[in-house]
Amino acid sequence: MTRVGELPKMRKHKKAKFQAFRELWEANETIPVIAKRLRVTSRTVERYRRDLQGESRRPDYYARWMPLVLEHMRRFPNSWFTDGELSRVLLNRDNVLRCTLQRMERESLAVSERRTINARGYESKQGVWWWRLARTDERR
């Protein structure tokens, strides 16, 4: 574990590596050459490149997943779902749709409600978010 006193040095070191990367990148060096000179992996160089170009590190699945969620909610317009249920039913995965559902709520496509009961009917002390399709009178 890194000691608190070492953090500023670590940050400076990373900044220096990133600056060295920028210079090599502007000189049109290839990714393997940059990785070898900086003594980092090519994956790190790719991360530096994405950071330099302002690309997101996290892929955005909204365009792919929102239509699936919307179609399912339209099939059951008055039903409430947890994000875990929707993730399992639509994608066969666990709890990956929360960001998509939150964005759908910001766009007035869905509404949410925090309840103290989970999808299996058990009481949940921390609460569970439930989602449903927004009605036309609820849309902004």
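**Two pockets and what lines them**

Analyst: In this predicted model, β3 gives the largest pocket five of its lining residues, the largest share.

User: What makes a residue part of the lining of the largest pocket?

Analyst: A lining residue has an atom within 4 Å of a pocket point. For the largest pocket 15 residues pass, and Thr82, Asn95, Asn118, Ala119 and Val128 are the closest to its centre. The pocket's volume is about 310 Å³.

User: Which helix and which strand each supply at least two residues of that lining?

Analyst: That'd be α5 (83–91) and β3 (123–133). By class, the lining has seven polar, five charged and three nonpolar residues.

User: On to the second largest pocket, at about 240 Å³. How do you know which share of its lining comes from α6?

Analyst: Set the lining list against the helix. Cys99, Thr100, Arg103 and Arg106 are on the list, and α6 spans 98–106, so these residues fall inside a helix run. They make up the largest share, four residues. α4 (62–75) also supplies at least two, with Tyr62 and Trp65 in that range.

User: Why are six residues of that lining called nonpolar?

Analyst: Because Trp, Tyr, Cys, Pro and Val all count as nonpolar, Pro59, Tyr61, Tyr62, Trp65, Val96 and Cys99 go in that class.

User: And what makes four of them charged?

Analyst: Arg and Asp count as charged, so Arg58, Asp60, Arg103 and Arg106 go there. Thr100 is left as the one polar residue.

Terms used
Residues are numbered from 1 along each chain as its sequence is written. This is a predicted model: local features need pLDDT of at least 70, side-chain atom pairs count only at pLDDT 80 or more; totals for chains, interfaces and linings use all residues. Side-chain values use heavy atoms; hydrogens and water are left out. On a 1 Å grid over the protein atoms alone, a cavity is a set of points where a 1.4 Å probe fits but cannot get out, and a pocket is an open set with protein on both sides within 12 Å along at least five of seven lines; lining residues have an atom within 4 Å of a point. Grid points are joined across faces, edges and corners, and a volume is the space filled by probe spheres set on the points.
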